Amino acid sequence: ETFVELQKLLKTGTWAHTREHWPRSEAVFNITASNKKRHEINMEYLSDYNSDDMITVGSGKVVVAMPIICYDNNEFAANAESFMITGFTDTHVLLGPNTTLGSNRSVKVPKIMFTKTCVKDNKTITHLYEYGWASTVDSVQGLTMNGKYNIHEADQWYVHLNSIYTALSRTKCLSYISVDKVKSKSYPDPYSQLTDAKVSPCTGR
């Protein structure tokens, strides 16, 4: 399904399958165009937790079963690698696989790493390990969505066709994707070659 619709996107620059966004209780992930929107969504998900159950690590509060994303390569994880918190020691955070985003690795990360920051897109400073309910489209290449996810800001003037393509192609299942608005004709990205993109045929629902 997705493969066929992506080919239409490349030819026409339009997407015919808009729908309302999944609620937080159903969406396993969210893809945004801006870091401002990414932060906003992560804070919305964080508000669903009871702060009394969380502990402070770095500059944020975390709890077991919370998703975490790494935002730059380091000795413990790779850029855009996603995990679920499985536990804590006095000095480390234990991170396990986040299978809904195609992750299958477990690592033990020193708590001090959660205080470190990195620069994204040559301008935005973010923590090396951040909440993992949302990420910008520039950071999701390589992720595989094994559940429902939302695409935000696809109707903004600055969103290139290549970015929309990247967000939509994270799954083989068209039924997982929710994007509520897409520009009628997205600007092409002059720095990409969409015709070289390789997407496996859809075998999902």
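Trainee: Why are K37 and E40 said to form a salt bridge?

Mentor: A salt bridge is called when a side-chain nitrogen of Lys or Arg lies within 4 Å of a carboxyl oxygen of Asp or Glu, and the closest N and O atoms of K37 and E40 are 3.0 Å apart, so the pair meets the definition. This is a predicted model in which local features need pLDDT of at least 70 and side-chain atom pairs count only at pLDDT 80 or more, while totals for chains, interfaces and linings use all residues. Residues are numbered from 1 along each chain as its sequence is written, and side-chain values use heavy atoms, with hydrogens and water left out.

Trainee: Where do K37 and E40 sit, and what makes them partly exposed?

Mentor: Both belong to helix α2 (residues 35-46), 3 residues apart, which is about one turn of the helix; helices here are DSSP runs of H or I with at least four residues, strands are runs of E with at least two, and both are numbered from the N terminus. Buried means under 20% relative accessible area, exposed over 50%, and partly exposed in between, with a 1.4 Å probe and protein chains only. K37 has 22% and E40 has 34%, so both values fall in the middle class.

Trainee: How many salt bridges does the whole structure hold, and what makes E5 and K8 one of them?

Mentor: The search finds 5, and E5 and K8 are included because their N to O distance of 3.3 Å satisfies the same criterion. Both lie in helix α1 (residues 2-12), again 3 residues apart, yet E5 is buried at 12%, whereas K8 is partly exposed at 44%.

Trainee: What does the salt bridge between K148 and E26 tie together?

Mentor: Their side chains meet at 2.8 Å, N to O. K148 lies in the loop between β11 (134-136) and β12 (149-151), and E26 in the loop between α1 and β1 (29-32), so the pair ties together parts that are 122 residues apart in sequence. K148 is partly exposed at 26%, as is E26 at 36%.

Trainee: How do you know whether C70 and C118 are bonded or too far apart?

Mentor: A disulfide is a pair of cysteine sulfur atoms within 2.5 Å. The sulfur of C70 is 7.5 Å from the closest cysteine sulfur, in C118, which is too far for a bond, and the count of disulfides for the structure comes to 0. C70 has a relative accessible area of 0% and C173 has 11%, so both are classed as buried.

Trainee: What makes A65 and A80 stand out in their backbone angles?

Mentor: Neither is a glycine, yet phi is positive in each, about 80° in A65 and near 70° in A80. A65 is found in the loop between β3 (60-62) and β4 (67-70), and A80 in the loop between β4 and β5 (82-88). With 43%, A65 is partly exposed, while A80, at 9%, counts as buried.

Trainee: Why are β8 and β9 called a strand pair?

Mentor: Two strands pair if DSSP finds at least two bridges between them, and strand β8 (residues 117-120) and β9 share 4 bridges in the antiparallel sense, so the requirement is met. Within this pair, T117 stands opposite H127 in β9. Along β9 (residues 124-127) the side chains alternate, with T124 and T126 buried on one face, and I125 and H127 pointing to the other and not buried.
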